[in-house]
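Got your viewer open? Let's walk through this one stop by stop, selecting as we go.

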Amino acid sequence: MAIEGDNCVFDGVIYQSGETFQPSCKYQCTCQDGQIGCVPRCDEDLLLPQPDCPVPRKVEVPGECCEKWICDANDTEALGDLHALPAYRTETTLGVAVSDSSINCIEQTTEWSACSKSCGMGLSTQVTNRNPQCEMVKRTRLCMVRPCEQEHRQPTDKKGKKCLRTTKSLKAIHLQFKNCTSLHTYKPRYCGVCSDGRCCTPHNTKTIQVEFQCSPGQIIKKPVMVIGTCTCHNNCPHSEAFLQELKPNTSRGKM
């Protein structure tokens, strides 16, 4: 039913305000007073790279409109290829020309992936098209779930407690990665450790820009994860590696 307002022009076709249309089987769009809004008709689930599925990708299924996820565990050449990233879409966004991509861009941003290391400085990744070109790009940030020496500690803040969710550095420290050191000091918050087999990982985080000096006169800015809260659970990322790192702790006995 037409609603009073300006018409919309999409891919050379004029639509009345209030009119709903499907530019392809994957999207349903509505014209509203000269503006076009679209929602996907296919599931927009995202599959981040995992140790057992390093290169997830979507493939077309004969006779079906929507693509499905498959894992190419042995396809090492595609690692780091933008086409293998979970939010990548091969089709042009709703058929809009590149110069007009921001007009009808459907924003897609993944959650930050789990930190690549359970202790020490690692990397976390995110894929987003939140840019004027509406292009899928991969972003990385530095992350530290906990210092490696903290994994040797047992939670002792409360009697009988098996997990210490969040700890904070008692003194201000310089952040370090590779041969770079932060110009300023910080008191980062870390995730604790569990003595009952569960893992403790970040739950709420934010990203800040930190200045690092890598060599005399060379200063660079890097995005760094800041932990807000942590949670204890059994769905551990990098499960095998995580257990291997914790194995030496069990031989130390109780503190």
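Start by selecting Cys-115, Cys-143, Val-145, Cys-163, Cys-191, Cys-194, Cys-200, Met-225, Ile-227, Cys-230 and Cys-232: these 11 residues make up the largest nonpolar core. Keep in mind that you're looking at a predicted model. Now colour strand 15, residues 218-233, which gives the most to this core, with four residues.

Stay in that core and click on Ile-227, one of its members. Show what surrounds Ile-227: setting aside residues up to four places away in sequence, it touches Met-144, Val-145, Arg-189, Tyr-190, Cys-191, Pro-202, Asn-204 and Thr-205. Two of those names, Val-145 and Cys-191, should ring a bell, as they belong to the core you just selected.

Next, pick Cys-8, Cys-31, Ile-36 and Ile-106. They are among the 10 residues of a second core, separate from the one you've just left.

Time for some rings. How many aromatic pairs does a search of the whole structure find? The count is three. Select Tyr-15 and Phe-21, and turn the view until you see the rings side-on: this pair is stacked, with 3.7 Å centre to centre and 10° between the planes. Tyr-15 is buried, at a relative accessible area of 13%, and Phe-21 is buried too, at 6%. Add Phe-10 to the selection, and you have a cluster in which ring pairs link Phe-10, Tyr-15 and Phe-21.

Now jump to Phe-177 and Phe-212. Why is this pair called edge-to-face? Because the planes sit at 85°, over the 60 degrees needed for that label; the ring centres are 4.9 Å apart. Phe-177 lies in strand 11 (residues 173-177) and Phe-212 in strand 14, so the pair links distant parts of the chain, 35 residues apart. Is Phe-212 buried or exposed? Buried, with a relative accessible area of 0%. Phe-177 counts as buried as well, because its relative accessibility of 11% falls under the 20% cut-off.

For the last stop, stay on strand 14, which covers residues 199-215, and select Glu-211. This residue is partly exposed, with a relative accessible area of 28%. Draw a distance from Glu-211 to Leu-183, C-alpha to C-alpha: they are 5.9 Å apart in space, yet 28 residues apart in sequence. Finally, show the contacts of Glu-211 beyond its neighbours within four places in sequence: Thr-181, Ser-182, Leu-183 and His-184, along with Ile-219, Ile-220 and Lys-221.

Methods:
Residues are numbered from 1 along each chain as its sequence is written. This is a predicted model: local features need pLDDT of at least 70, side-chain atom pairs count only at pLDDT 80 or more; totals for chains, interfaces and linings use all residues. Side-chain values use heavy atoms; hydrogens and water are left out. A nonpolar core is a set of buried Ala, Val, Leu, Ile, Met, Phe, Trp, Tyr and Cys residues joined through side-chain atoms within 4.5 Å. Buried means under 20% relative accessible area, exposed over 50%, partly exposed in between (1.4 Å probe, protein chains only). Helices (H or I, at least four residues) and strands (E, at least two) are DSSP runs, numbered from the N terminus. Contact means heavy atoms within 4.5 Å. Rings of Phe, Tyr and Trp (its six-membered ring) pair if their centres lie within 6.5 Å; planes under 30 degrees apart count as stacked, over 60 as edge-to-face and the rest as tilted.
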